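Trainee: I'd like a close look at one part of this protein, the strand in the middle of the sheet pairing, and then how the rest fits around that part. Could you walk me through it?

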Amino acid sequence: MKNILLIGFGLLLFLIAPQTKAQQKSYYILDMVHNNPGEALTQAVYNDPVYLKQQGYNGQVLNDFTFAHAAITFDGLNPAIFPKGSKERAWVMQAADKVRANIKRAHAAGEKVYYFTDIIVLPKKLVELYHDEICDDKGRISFERPKTIEIHRIMLKELFDTFPDLDGLVIRTGETYLNNVPYHTGNNPITNGADSHIKLINILREEVCVKRNKLVFYRTWLSAGMDQKPDVYLKVTNAIEPHPNLIFSVKHTRGDYHRTMDFNPTLGIGKHQQIAEVQCQREYEGKGAYPDYVMDGVINGFEEFTTNTPQTGYKGLKDIVNTPQFKGVWSWSRGGGWVGPYISNEFWCKLNAYVISHWATNTKQTEEEVFNRFMDENGIKGTSRKAFRELCLLSAKAVLRGHESAVLPFKNDWVFWMRDEFLSGTDGRLNVIFKTFYDNGQLHKAIDEKYEAVALWKKIVELSSEVHLSNKDDESYIKVSCQYGLMLHQIIAEGWNIMALGYTGDMTSNYDKVAISASVKKYDAFWAAFDELKKNNPACATLYKPFTWTNNPPTYHGEKGMGASVDQYRKL
(Lines give C-alpha, C1' and ligand atoms only; values in the text may rest on other atoms or scores of the structure.)
Protein backbone atom coordinates (compact mmCIF):
# COMPACT_ATOMS: atom_id res chain seq x y z
CA MET A 1 0.00 0.00 0.00
CA LYS A 2 2.87 2.35 0.89
CA ASN A 3 4.55 1.66 -2.46
CA ILE A 4 1.29 2.31 -4.31
CA LEU A 5 0.93 5.66 -2.55
CA LEU A 6 4.51 6.63 -3.40
CA ILE A 7 4.00 5.70 -7.05
CA GLY A 8 0.75 7.65 -7.14
CA PHE A 9 2.40 10.68 -5.57
CA GLY A 10 5.29 10.48 -8.06
CA LEU A 11 2.86 10.26 -10.98
CA LEU A 12 1.00 13.30 -9.64
CA LEU A 13 4.26 15.30 -9.52
CA PHE A 14 5.08 14.20 -13.07
CA LEU A 15 1.69 15.38 -14.29
CA ILE A 16 1.84 18.68 -12.43
CA ALA A 17 5.42 19.64 -13.33
CA PRO A 18 4.97 20.13 -17.09
CA GLN A 19 1.78 22.13 -16.51
CA THR A 20 3.54 24.44 -14.03
CA LYS A 21 6.45 24.91 -16.39
CA ALA A 22 4.11 25.74 -19.25
CA GLN A 23 2.46 28.42 -17.16
CA GLN A 24 5.73 30.31 -16.66
CA LYS A 25 5.93 32.91 -19.41
CA SER A 26 9.27 33.95 -20.84
CA TYR A 27 9.55 37.72 -21.24
CA TYR A 28 12.03 40.13 -22.70
CA ILE A 29 13.76 41.71 -19.71
CA LEU A 30 15.99 44.44 -21.10
CA ASP A 31 18.11 47.13 -19.51
CA MET A 32 19.74 50.31 -20.76
CA VAL A 33 22.17 52.85 -19.38
CA HIS A 34 21.00 56.06 -21.07
CA ASN A 35 24.19 58.10 -21.26
CA ASN A 36 23.93 61.88 -21.23
CA PRO A 37 24.37 63.03 -24.83
CA GLY A 38 27.63 64.87 -25.40
CA GLU A 39 29.05 64.00 -21.97
CA ALA A 40 31.49 61.39 -20.69
CA LEU A 41 29.91 57.95 -20.53
CA THR A 42 28.09 57.11 -17.31
CA GLN A 43 30.03 54.87 -14.93
CA ALA A 44 27.54 52.25 -13.80
CA VAL A 45 27.48 48.64 -12.71
CA TYR A 46 24.70 48.21 -15.27
CA ASN A 47 27.24 48.59 -18.08
CA ASP A 48 28.47 45.13 -17.10
CA PRO A 49 26.47 42.40 -18.87
CA VAL A 50 27.61 39.87 -16.27
CA TYR A 51 25.84 41.91 -13.62
CA LEU A 52 22.75 42.23 -15.84
CA LYS A 53 22.63 38.45 -16.18
CA GLN A 54 22.78 38.07 -12.41
CA GLN A 55 19.85 40.47 -12.05
CA GLY A 56 17.56 38.48 -14.35
CA TYR A 57 18.01 40.52 -17.52
CA ASN A 58 18.25 38.73 -20.86
CA GLY A 59 19.06 41.67 -23.11
CA GLN A 60 21.26 44.77 -23.04
CA VAL A 61 20.23 47.90 -24.91
CA LEU A 62 23.40 49.78 -25.78
CA ASN A 63 22.92 53.51 -25.90
CA ASP A 64 26.06 55.64 -25.92
CA PHE A 65 24.68 57.70 -28.84
CA THR A 66 27.52 56.46 -31.02
CA PHE A 67 25.02 54.45 -33.00
CA ALA A 68 25.88 51.17 -34.70
CA HIS A 69 24.43 52.50 -37.95
CA ALA A 70 26.88 55.41 -37.70
CA ALA A 71 29.75 52.91 -37.63
CA ILE A 72 29.45 51.82 -41.26
CA THR A 73 31.12 53.23 -44.37
CA PHE A 74 28.37 53.15 -47.04
CA ASP A 75 31.06 51.97 -49.48
CA GLY A 76 28.42 49.99 -51.35
CA LEU A 77 26.53 53.19 -52.05
CA ASN A 78 29.40 55.58 -52.71
CA PRO A 79 33.07 55.32 -51.59
CA ALA A 80 33.24 59.13 -51.54
CA ILE A 81 31.07 59.24 -48.41
CA PHE A 82 33.92 58.12 -46.15
CA PRO A 83 37.07 58.18 -48.36
CA LYS A 84 39.92 55.88 -47.40
CA GLY A 85 42.59 57.69 -45.46
CA SER A 86 40.23 60.41 -44.21
CA LYS A 87 39.78 61.32 -40.55
CA GLU A 88 36.07 60.71 -40.97
CA ARG A 89 36.65 57.12 -42.07
CA ALA A 90 39.09 56.59 -39.20
CA TRP A 91 36.35 57.69 -36.80
CA VAL A 92 33.91 55.20 -38.36
CA MET A 93 36.43 52.35 -38.08
CA GLN A 94 37.08 53.16 -34.43
CA ALA A 95 33.35 53.30 -33.70
CA ALA A 96 32.87 49.93 -35.42
CA ASP A 97 35.57 48.33 -33.26
CA LYS A 98 33.75 49.61 -30.19
CA VAL A 99 30.43 48.16 -31.40
CA ARG A 100 32.04 44.75 -32.00
CA ALA A 101 33.65 44.81 -28.55
CA ASN A 102 30.33 45.64 -26.91
CA ILE A 103 28.56 42.82 -28.72
CA LYS A 104 31.30 40.31 -27.87
CA ARG A 105 31.29 41.33 -24.21
CA ALA A 106 27.54 40.96 -23.85
CA HIS A 107 27.41 37.62 -25.65
CA ALA A 108 30.20 36.26 -23.46
CA ALA A 109 27.91 36.95 -20.49
CA GLY A 110 24.94 35.31 -22.17
CA GLU A 111 23.10 38.55 -22.92
CA LYS A 112 21.44 39.52 -26.19
CA VAL A 113 22.48 42.90 -27.63
CA TYR A 114 20.16 45.51 -29.10
CA TYR A 115 21.57 48.82 -30.29
CA PHE A 116 19.65 52.02 -29.63
CA THR A 117 19.07 53.54 -33.06
CA ASP A 118 17.89 57.03 -33.90
CA ILE A 119 16.24 57.26 -37.29
CA ILE A 120 17.14 59.33 -39.35
CA VAL A 121 20.91 59.58 -38.83
CA LEU A 122 23.05 59.64 -41.99
CA PRO A 123 26.56 60.81 -42.89
CA LYS A 124 26.79 64.52 -43.62
CA LYS A 125 28.66 63.78 -46.85
CA LEU A 126 25.91 61.41 -47.97
CA VAL A 127 23.26 64.06 -47.41
CA GLU A 128 25.39 66.58 -49.30
CA LEU A 129 25.82 64.22 -52.26
CA TYR A 130 22.17 63.11 -52.47
CA HIS A 131 20.42 66.15 -51.01
CA ASP A 132 18.09 66.80 -53.93
CA GLU A 133 17.02 63.14 -54.03
CA ILE A 134 16.37 62.61 -50.32
CA CYS A 135 15.22 65.96 -48.90
CA ASP A 136 11.78 67.53 -49.10
CA ASP A 137 11.00 71.17 -49.86
CA LYS A 138 11.64 72.03 -46.19
CA GLY A 139 15.13 70.57 -46.29
CA ARG A 140 14.22 67.50 -44.21
CA ILE A 141 15.46 64.04 -45.10
CA SER A 142 12.17 62.38 -45.96
CA PHE A 143 10.88 58.86 -46.41
CA GLU A 144 8.51 60.35 -48.95
CA ARG A 145 11.51 60.36 -51.32
CA PRO A 146 12.27 56.94 -52.90
CA LYS A 147 16.02 57.48 -52.66
CA THR A 148 15.76 57.80 -48.88
CA ILE A 149 14.10 54.41 -48.69
CA GLU A 150 16.74 52.91 -50.99
CA ILE A 151 19.56 54.35 -48.85
CA HIS A 152 18.03 52.95 -45.65
CA ARG A 153 17.75 49.49 -47.18
CA ILE A 154 21.43 49.73 -48.12
CA MET A 155 22.22 50.98 -44.61
CA LEU A 156 20.43 48.10 -42.89
CA LYS A 157 22.13 45.53 -45.12
CA GLU A 158 25.58 46.95 -44.43
CA LEU A 159 24.78 47.28 -40.73
CA PHE A 160 24.10 43.57 -40.30
CA ASP A 161 26.82 42.54 -42.76
CA THR A 162 29.28 44.54 -40.64
CA PHE A 163 27.88 43.33 -37.31
CA PRO A 164 26.36 39.91 -38.04
CA ASP A 165 26.21 39.02 -34.33
CA LEU A 166 24.05 42.02 -33.45
CA ASP A 167 20.73 40.64 -32.18
CA GLY A 168 18.54 43.55 -33.15
CA LEU A 169 17.71 47.23 -32.97
CA VAL A 170 15.75 49.55 -30.72
CA ILE A 171 14.29 52.24 -32.99
CA ARG A 172 13.62 55.77 -31.84
CA THR A 173 11.90 58.50 -33.84
CA GLY A 174 10.89 61.97 -32.70
CA GLU A 175 14.22 62.87 -31.12
CA THR A 176 17.55 62.83 -32.94
CA TYR A 177 20.68 63.20 -30.81
CA LEU A 178 23.78 63.97 -32.86
CA ASN A 179 26.05 64.98 -29.96
CA ASN A 180 28.32 61.92 -30.25
CA VAL A 181 28.36 61.48 -34.04
CA PRO A 182 30.34 64.44 -35.42
CA TYR A 183 30.22 63.37 -39.05
CA HIS A 184 26.51 62.65 -39.22
CA THR A 185 23.30 64.61 -39.43
CA GLY A 186 19.63 63.75 -39.31
CA ASN A 187 16.06 64.59 -38.39
CA ASN A 188 12.77 63.12 -37.31
CA PRO A 189 11.49 60.77 -40.05
CA ILE A 190 7.85 61.26 -39.06
CA THR A 191 7.04 64.03 -41.53
CA ASN A 192 3.64 62.71 -42.56
CA GLY A 193 2.02 61.54 -39.34
CA ALA A 194 0.92 57.94 -38.97
CA ASP A 195 1.69 57.20 -42.61
CA SER A 196 5.38 57.88 -41.97
CA HIS A 197 5.38 55.39 -39.09
CA ILE A 198 3.73 52.76 -41.26
CA LYS A 199 6.21 53.24 -44.08
CA LEU A 200 9.23 53.08 -41.76
CA ILE A 201 8.00 50.09 -39.76
CA ASN A 202 7.30 48.09 -42.91
CA ILE A 203 10.85 48.75 -44.14
CA LEU A 204 12.30 47.65 -40.79
CA ARG A 205 10.04 44.61 -40.67
CA GLU A 206 11.10 43.47 -44.12
CA GLU A 207 14.81 44.25 -43.89
CA VAL A 208 15.48 43.30 -40.27
CA CYS A 209 12.80 40.91 -39.04
CA VAL A 210 12.08 38.92 -42.23
CA LYS A 211 15.26 39.00 -44.30
CA ARG A 212 17.76 38.78 -41.44
CA ASN A 213 15.76 37.19 -38.63
CA LYS A 214 16.77 39.94 -36.22
CA LEU A 215 14.61 41.75 -33.68
CA VAL A 216 13.13 45.23 -33.94
CA PHE A 217 11.86 46.99 -30.83
CA TYR A 218 9.99 49.96 -32.26
CA ARG A 219 9.55 52.74 -29.74
CA THR A 220 6.27 54.61 -29.97
CA TRP A 221 7.73 57.59 -28.11
CA LEU A 222 6.96 61.15 -29.14
CA SER A 223 6.01 61.08 -32.82
CA ALA A 224 2.53 61.84 -34.18
CA GLY A 225 0.81 60.92 -30.91
CA MET A 226 1.50 57.22 -31.34
CA ASP A 227 2.86 57.04 -27.80
CA GLN A 228 -0.26 58.44 -26.11
CA LYS A 229 -3.32 58.15 -28.34
CA PRO A 230 -4.89 54.71 -28.76
CA ASP A 231 -6.51 55.66 -32.06
CA VAL A 232 -3.16 56.71 -33.58
CA TYR A 233 -1.41 53.66 -32.13
CA LEU A 234 -4.02 51.34 -33.63
CA LYS A 235 -4.05 53.16 -36.97
CA VAL A 236 -0.32 52.52 -37.28
CA THR A 237 -0.06 49.02 -35.86
CA ASN A 238 -3.20 47.65 -37.52
CA ALA A 239 -1.59 48.49 -40.87
CA ILE A 240 1.43 46.30 -40.02
CA GLU A 241 1.38 42.52 -40.28
CA PRO A 242 2.56 41.00 -36.97
CA HIS A 243 5.90 39.24 -36.91
CA PRO A 244 7.53 37.35 -34.01
CA ASN A 245 10.61 39.57 -34.33
CA LEU A 246 8.68 42.85 -34.20
CA ILE A 247 7.86 44.29 -30.77
CA PHE A 248 6.48 47.72 -29.91
CA SER A 249 8.07 49.47 -26.94
CA VAL A 250 5.79 51.76 -24.91
CA LYS A 251 6.49 53.93 -21.87
CA HIS A 252 4.29 52.94 -18.93
CA THR A 253 3.27 56.60 -18.62
CA ARG A 254 1.04 58.52 -21.00
CA GLY A 255 3.82 60.98 -21.70
CA ASP A 256 7.21 61.17 -20.05
CA TYR A 257 8.28 59.65 -16.75
CA HIS A 258 6.29 61.93 -14.43
CA ARG A 259 3.83 61.42 -11.62
CA THR A 260 0.24 62.57 -12.31
CA MET A 261 0.61 61.13 -15.81
CA ASP A 262 -1.96 58.48 -16.76
CA PHE A 263 -1.02 54.86 -17.15
CA ASN A 264 -0.40 54.56 -20.88
CA PRO A 265 -3.69 53.60 -22.58
CA THR A 266 -1.84 52.22 -25.62
CA LEU A 267 -0.54 49.32 -23.51
CA GLY A 268 -2.57 46.13 -23.73
CA ILE A 269 -4.29 46.94 -27.04
CA GLY A 270 -3.79 45.98 -30.67
CA LYS A 271 -2.50 42.85 -32.34
CA HIS A 272 1.25 43.25 -31.76
CA GLN A 273 3.69 42.30 -29.02
CA GLN A 274 4.64 45.03 -26.56
CA ILE A 275 7.20 45.72 -23.87
CA ALA A 276 6.79 48.42 -21.22
CA GLU A 277 9.53 51.00 -20.68
CA VAL A 278 10.31 51.96 -17.07
CA GLN A 279 12.80 54.52 -15.76
CA CYS A 280 14.70 53.69 -12.57
CA GLN A 281 16.79 56.86 -12.20
CA ARG A 282 13.86 59.22 -12.62
CA GLU A 283 15.10 62.27 -14.50
CA TYR A 284 12.38 64.57 -13.13
CA GLU A 285 12.72 63.31 -9.57
CA GLY A 286 16.33 63.64 -8.50
CA LYS A 287 18.07 60.92 -10.50
CA GLY A 288 18.95 58.90 -7.42
CA ALA A 289 20.14 61.87 -5.36
CA TYR A 290 17.43 61.05 -2.82
CA PRO A 291 15.05 58.11 -2.30
CA ASP A 292 12.34 57.86 -4.93
CA TYR A 293 10.92 54.35 -4.91
CA VAL A 294 8.46 54.07 -7.80
CA MET A 295 8.09 50.36 -8.51
CA ASP A 296 5.13 49.87 -6.19
CA GLY A 297 3.33 52.48 -8.29
CA VAL A 298 4.63 51.18 -11.62
CA ILE A 299 3.47 47.64 -10.87
CA ASN A 300 0.37 48.22 -8.72
CA GLY A 301 -0.69 51.75 -9.67
CA PHE A 302 0.26 55.11 -8.16
CA GLU A 303 -1.48 56.84 -5.26
CA GLU A 304 -2.76 59.68 -7.46
CA PHE A 305 -4.69 57.22 -9.62
CA THR A 306 -7.30 57.18 -6.83
CA THR A 307 -7.27 60.95 -6.23
CA ASN A 308 -6.50 63.67 -8.79
CA THR A 309 -5.52 61.39 -11.70
CA PRO A 310 -8.31 58.77 -11.82
CA GLN A 311 -7.91 55.95 -14.31
CA THR A 312 -10.66 54.42 -16.38
CA GLY A 313 -8.61 51.41 -17.47
CA TYR A 314 -5.42 49.74 -16.39
CA LYS A 315 -3.44 51.24 -13.51
CA GLY A 316 -0.18 49.28 -13.39
CA LEU A 317 1.86 46.60 -15.07
CA LYS A 318 0.27 43.84 -13.01
CA ASP A 319 -3.01 44.64 -14.79
CA ILE A 320 -1.59 43.92 -18.26
CA VAL A 321 0.65 40.89 -17.66
CA ASN A 322 -2.09 38.52 -18.76
CA THR A 323 -2.94 40.42 -21.93
CA PRO A 324 -1.76 38.80 -25.17
CA GLN A 325 0.28 41.89 -26.02
CA PHE A 326 2.55 41.94 -22.94
CA LYS A 327 5.98 40.47 -23.65
CA GLY A 328 8.22 42.06 -21.06
CA VAL A 329 9.85 45.17 -19.64
CA TRP A 330 12.72 47.44 -20.54
CA SER A 331 14.26 49.29 -17.61
CA TRP A 332 16.41 52.37 -17.88
CA SER A 333 18.58 51.54 -14.87
CA ARG A 334 20.56 54.74 -15.32
CA GLY A 335 20.04 57.95 -17.21
CA GLY A 336 17.53 60.03 -19.04
CA GLY A 337 17.34 63.77 -19.41
CA TRP A 338 20.30 66.13 -19.28
CA VAL A 339 23.17 67.01 -16.93
CA GLY A 340 22.67 66.37 -13.18
CA PRO A 341 22.18 65.75 -10.40
CA TYR A 342 25.17 63.42 -10.71
CA ILE A 343 25.44 60.54 -8.27
CA SER A 344 28.38 58.42 -7.14
CA ASN A 345 26.25 55.80 -5.36
CA GLU A 346 23.66 53.85 -7.38
CA PHE A 347 21.72 52.48 -4.40
CA TRP A 348 18.31 54.01 -5.19
CA CYS A 349 18.64 53.15 -8.89
CA LYS A 350 19.53 49.60 -7.92
CA LEU A 351 16.43 49.26 -5.76
CA ASN A 352 14.09 50.30 -8.57
CA ALA A 353 15.94 48.21 -11.16
CA TYR A 354 16.07 45.15 -8.89
CA VAL A 355 12.34 45.14 -8.24
CA ILE A 356 11.26 45.60 -11.86
CA SER A 357 13.73 43.09 -13.32
CA HIS A 358 13.15 40.37 -10.72
CA TRP A 359 9.40 40.89 -10.82
CA ALA A 360 9.47 40.41 -14.59
CA THR A 361 11.18 37.03 -14.22
CA ASN A 362 7.98 35.81 -12.54
CA THR A 363 5.04 38.19 -12.62
CA LYS A 364 3.06 35.97 -10.29
CA GLN A 365 5.14 37.49 -7.49
CA THR A 366 3.91 40.58 -5.71
CA GLU A 367 5.98 43.75 -5.69
CA GLU A 368 6.41 43.40 -1.94
CA GLU A 369 7.77 39.85 -2.24
CA VAL A 370 10.47 41.06 -4.63
CA PHE A 371 11.17 44.08 -2.42
CA ASN A 372 11.68 41.73 0.54
CA ARG A 373 14.26 39.74 -1.42
CA PHE A 374 16.15 42.96 -2.12
CA MET A 375 16.30 43.51 1.62
CA ASP A 376 17.49 39.93 2.11
CA GLU A 377 20.31 40.36 -0.39
CA ASN A 378 21.38 43.68 1.11
CA GLY A 379 21.47 42.48 4.68
CA ILE A 380 18.53 44.56 5.88
CA LYS A 381 17.35 42.63 8.91
CA GLY A 382 15.11 42.84 11.95
CA THR A 383 13.56 46.21 12.71
CA SER A 384 15.49 47.75 9.82
CA ARG A 385 13.16 46.00 7.39
CA LYS A 386 10.03 47.78 8.56
CA ALA A 387 11.83 51.13 8.65
CA PHE A 388 13.27 50.67 5.15
CA ARG A 389 9.96 49.62 3.64
CA GLU A 390 8.16 52.56 5.23
CA LEU A 391 10.91 54.95 4.13
CA CYS A 392 10.65 53.82 0.51
CA LEU A 393 6.86 54.01 0.33
CA LEU A 394 6.90 57.45 1.99
CA SER A 395 9.41 58.66 -0.60
CA ALA A 396 6.82 58.17 -3.34
CA LYS A 397 4.27 60.17 -1.34
CA ALA A 398 6.76 62.93 -0.55
CA VAL A 399 7.92 63.30 -4.16
CA LEU A 400 4.34 63.54 -5.41
CA ARG A 401 3.47 66.32 -2.96
CA GLY A 402 6.76 68.13 -3.38
CA HIS A 403 6.83 68.08 -7.16
CA GLU A 404 3.19 67.98 -8.30
CA SER A 405 0.13 67.34 -6.14
CA ALA A 406 -1.76 64.47 -4.58
CA VAL A 407 -5.12 66.28 -4.57
CA LEU A 408 -5.12 69.37 -6.79
CA PRO A 409 -5.51 69.13 -10.57
CA PHE A 410 -2.02 69.16 -12.08
CA LYS A 411 -1.87 69.48 -15.85
CA ASN A 412 0.56 67.43 -17.89
CA ASP A 413 2.55 70.40 -19.16
CA TRP A 414 2.98 71.78 -15.64
CA VAL A 415 5.19 68.95 -14.43
CA PHE A 416 8.21 70.33 -16.28
CA TRP A 417 8.66 73.17 -13.77
CA MET A 418 11.21 70.87 -12.10
CA ARG A 419 13.48 68.62 -14.08
CA ASP A 420 17.05 67.33 -14.09
CA GLU A 421 18.94 69.65 -11.67
CA PHE A 422 16.75 72.71 -12.15
CA LEU A 423 14.02 74.58 -10.26
CA SER A 424 11.83 76.99 -12.23
CA GLY A 425 10.19 80.15 -10.91
CA THR A 426 7.18 82.36 -11.52
CA ASP A 427 9.23 84.15 -14.17
CA GLY A 428 8.83 81.02 -16.25
CA ARG A 429 7.08 77.67 -16.03
CA LEU A 430 5.51 78.24 -12.63
CA ASN A 431 3.63 81.36 -13.72
CA VAL A 432 0.70 79.55 -15.32
CA ILE A 433 0.50 77.13 -12.37
CA PHE A 434 0.35 79.93 -9.81
CA LYS A 435 -2.15 81.89 -11.91
CA THR A 436 -4.47 78.89 -12.19
CA PHE A 437 -4.28 78.05 -8.50
CA TYR A 438 -4.75 81.72 -7.53
CA ASP A 439 -7.74 82.17 -9.84
CA ASN A 440 -9.31 78.99 -8.45
CA GLY A 441 -8.65 79.85 -4.82
CA GLN A 442 -6.23 76.91 -4.49
CA LEU A 443 -2.84 78.62 -4.15
CA HIS A 444 -2.80 78.37 -0.37
CA LYS A 445 -3.59 74.65 -0.57
CA ALA A 446 -0.78 74.16 -3.10
CA ILE A 447 1.70 75.76 -0.70
CA ASP A 448 0.39 73.72 2.23
CA GLU A 449 1.04 70.59 0.23
CA LYS A 450 4.69 71.56 -0.26
CA TYR A 451 5.02 71.81 3.52
CA GLU A 452 3.29 68.42 3.83
CA ALA A 453 6.09 67.04 1.64
CA VAL A 454 8.65 68.54 4.05
CA ALA A 455 6.94 66.81 6.99
CA LEU A 456 7.15 63.50 5.14
CA TRP A 457 10.84 64.06 4.42
CA LYS A 458 11.48 64.72 8.09
CA LYS A 459 9.91 61.35 8.87
CA ILE A 460 12.03 59.77 6.13
CA VAL A 461 15.20 61.20 7.71
CA GLU A 462 14.13 59.75 11.07
CA LEU A 463 13.55 56.34 9.53
CA SER A 464 16.92 56.40 7.76
CA SER A 465 18.68 56.32 11.16
CA GLU A 466 16.97 52.98 11.85
CA VAL A 467 18.13 51.31 8.62
CA HIS A 468 21.25 49.15 8.70
CA LEU A 469 22.81 47.25 5.78
CA SER A 470 25.70 44.91 5.14
CA ASN A 471 27.32 47.53 2.91
CA LYS A 472 28.20 50.44 5.18
CA ASP A 473 28.81 52.82 2.26
CA ASP A 474 25.23 52.22 1.17
CA GLU A 475 24.01 52.62 4.73
CA SER A 476 25.76 55.97 4.96
CA TYR A 477 24.43 57.04 1.56
CA ILE A 478 20.86 56.29 2.61
CA LYS A 479 21.22 58.75 5.48
CA VAL A 480 22.92 61.44 3.37
CA SER A 481 20.46 61.08 0.49
CA CYS A 482 17.48 61.33 2.83
CA GLN A 483 18.90 64.56 4.23
CA TYR A 484 19.36 65.73 0.64
CA GLY A 485 15.69 65.04 -0.06
CA LEU A 486 14.62 66.94 3.04
CA MET A 487 16.78 70.00 2.33
CA LEU A 488 15.77 70.16 -1.33
CA HIS A 489 12.08 70.03 -0.45
CA GLN A 490 12.54 72.64 2.27
CA ILE A 491 13.97 74.89 -0.45
CA ILE A 492 11.04 74.06 -2.73
CA ALA A 493 8.42 74.72 -0.04
CA GLU A 494 9.97 78.02 1.04
CA GLY A 495 10.56 79.08 -2.56
CA TRP A 496 6.94 78.36 -3.46
CA ASN A 497 5.79 80.21 -0.35
CA ILE A 498 7.80 83.32 -1.23
CA MET A 499 6.57 83.27 -4.81
CA ALA A 500 2.96 82.72 -3.68
CA LEU A 501 3.15 85.64 -1.27
CA GLY A 502 4.71 87.75 -3.99
CA TYR A 503 2.23 86.67 -6.62
CA THR A 504 -0.66 87.49 -4.30
CA GLY A 505 0.89 90.92 -3.76
CA ASP A 506 1.21 91.38 -7.51
CA MET A 507 -2.50 90.67 -7.87
CA THR A 508 -3.69 92.76 -4.94
CA SER A 509 -0.95 95.43 -4.68
CA ASN A 510 -0.75 94.46 -1.02
CA TYR A 511 2.46 92.61 -0.12
CA ASP A 512 2.87 90.84 3.22
CA LYS A 513 6.47 92.01 3.57
CA VAL A 514 6.93 90.55 7.06
CA ALA A 515 5.94 87.08 5.90
CA ILE A 516 8.04 87.39 2.73
CA SER A 517 11.09 88.51 4.74
CA ALA A 518 10.74 85.62 7.20
CA SER A 519 10.37 83.12 4.39
CA VAL A 520 13.37 84.51 2.50
CA LYS A 521 15.54 84.05 5.61
CA LYS A 522 14.49 80.39 5.81
CA TYR A 523 15.02 79.92 2.08
CA ASP A 524 18.57 81.27 2.32
CA ALA A 525 19.31 79.13 5.37
CA PHE A 526 18.11 75.99 3.60
CA TRP A 527 20.34 76.70 0.60
CA ALA A 528 23.29 77.22 2.94
CA ALA A 529 22.57 73.90 4.68
CA PHE A 530 22.25 72.21 1.28
CA ASP A 531 25.70 73.50 0.31
CA GLU A 532 27.15 72.28 3.61
CA LEU A 533 25.65 68.83 3.11
CA LYS A 534 27.51 68.47 -0.17
CA LYS A 535 30.72 69.98 1.22
CA ASN A 536 30.82 67.60 4.18
CA ASN A 537 29.71 64.40 2.45
CA PRO A 538 31.72 63.27 -0.60
CA ALA A 539 29.07 60.66 -1.48
CA CYS A 540 26.36 63.33 -1.70
CA ALA A 541 25.00 63.94 -5.20
CA THR A 542 25.60 67.23 -6.94
CA LEU A 543 23.08 69.90 -6.01
CA TYR A 544 20.07 71.43 -7.70
CA LYS A 545 20.26 74.90 -9.25
CA PRO A 546 17.60 77.64 -9.02
CA PHE A 547 17.22 78.04 -12.77
CA THR A 548 14.67 77.13 -15.43
CA TRP A 549 15.81 74.35 -17.75
CA THR A 550 16.40 75.44 -21.32
CA ASN A 551 17.76 73.41 -24.19
CA ASN A 552 21.01 75.33 -24.55
CA PRO A 553 24.06 73.18 -23.81
CA PRO A 554 26.33 72.92 -22.02
CA THR A 555 24.66 74.64 -19.03
CA TYR A 556 21.03 74.01 -20.07
CA HIS A 557 19.79 77.10 -18.27
CA GLY A 558 19.62 80.87 -18.47
CA GLU A 559 19.18 83.40 -15.67
CA LYS A 560 15.48 82.88 -15.01
CA GLY A 561 14.24 80.45 -12.40
CA MET A 562 13.38 80.09 -8.74
CA GLY A 563 16.40 82.13 -7.69
CA ALA A 564 15.53 85.14 -9.84
CA SER A 565 11.85 84.93 -8.85
CA VAL A 566 12.69 84.86 -5.15
CA ASP A 567 15.12 87.76 -5.63
CA GLN A 568 12.34 89.81 -7.20
CA TYR A 569 10.41 89.68 -3.93
CA ARG A 570 13.51 89.76 -1.73
CA LYS A 571 14.07 93.33 -2.98
CA LEU A 572 10.76 94.43 -1.49
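Mentor: Sure, and keep in mind that this is a predicted model. Before the strand, let's warm up on a salt bridge: Arg 89 and Asp 75 meet through their side chains, with N to O at 2.8 Å. Arg 89 sits in helix H3 (residues 87-108) and Asp 75 in the loop between strand S2 (59-62) and H3, so this pair ties together parts that are 14 residues apart in sequence. Arg 89 is buried at 12% relative accessible area, while Asp 75 is partly exposed at 28%.

Now for your strand, S5, which covers residues 168-172. How many of its five residues are buried? Five of the five are, so by the under-20% cut-off for relative accessible area the strand is mostly covered. Look at the two faces in turn: Gly 168, Val 170 and Arg 172 are on one side, Leu 169 and Ile 171 are on the other, and all of these are buried.

What pairs with S5? Strand S3 (residues 112-118) runs parallel to S5 and is joined to it by five bridges. If you want a spot to click on, Tyr 114 has Gly 168 in S5 as its bridge partner. S5 also pairs with strand S7 (residues 215-219), again in the parallel sense, over four bridges. There, Leu 169 has Val 216 in S7 as its bridge partner.

Zoom out and you'll find S5 in a closed barrel of eight strands, running S1-S2-S3-S5-S7-S8-S9-S10 with parallel pairing. Ignoring direction, neighbouring strands of this sheet are turned by 25 degrees against each other on average. Further along that order, strand S8 (residues 246-251) and strand S9 (residues 273-279) pair in the parallel sense over five bridges, and Val 250 has Ala 276 in S9 as its bridge partner. Helix H6 (residues 194-210) packs on the sheet and touches S5, S7 and S8. The direction of H6 makes about 165 degrees with that of S7.

H6 is also a handy way into the charged side chains. Glu 206 and Glu 207 are linked with Arg 153, Lys 211 and Arg 212 in a network of salt bridges. Within this network, Glu 207 forms a salt bridge with Arg 212, and their closest N and O atoms are 3.0 Å apart. Glu 207 is buried, with a relative accessible area of 2%, whereas Arg 212 is partly exposed at 22%. For the whole model, the count comes to 38 salt bridges.

Another of these bridges joins Glu 367 and Arg 389, at 2.7 Å from N to O. Glu 367 lies in helix H10 (residues 367-377) and Arg 389 in helix H11 (residues 383-403), so the pair ties together parts that are 22 residues apart in sequence. Both Glu 367 and Arg 389 are buried.

H11 has another contact to look at, with helix H9 (residues 347-361). The axes of H9 and H11 come within 13 Å and cross at roughly 90 degrees, and the two helices are therefore roughly perpendicular to each other. Phe 347, Trp 348 and Leu 351 in H9 meet Phe 388, Leu 391 and Cys 392 in H11. By class, that contact has six nonpolar residues, with no polar and no charged ones.

Definitions and conventions
Residues are numbered from 1 along each chain as its sequence is written. This is a predicted model: local features need pLDDT of at least 70, side-chain atom pairs count only at pLDDT 80 or more; totals for chains, interfaces and linings use all residues. Side-chain values use heavy atoms; hydrogens and water are left out. A salt bridge is a side-chain nitrogen of Lys or Arg within 4 Å of a carboxyl oxygen of Asp or Glu. Buried means under 20% relative accessible area, exposed over 50%, partly exposed in between (1.4 Å probe, protein chains only). Axes are lines fitted to C-alpha atoms, for helices over the stretch in contact, and angles run from 0 to 180 degrees between N-to-C directions. Angles under 35 degrees count as roughly parallel, over 145 as roughly antiparallel, 65 to 115 as roughly perpendicular and the rest as oblique. Contact means heavy atoms within 4.5 Å. Ala, Val, Leu, Ile, Met, Phe, Trp, Tyr, Cys and Pro count as nonpolar, Asp, Glu, Lys and Arg as charged, and the others, Gly among them, as polar. Two strands pair if DSSP finds at least two bridges between them.
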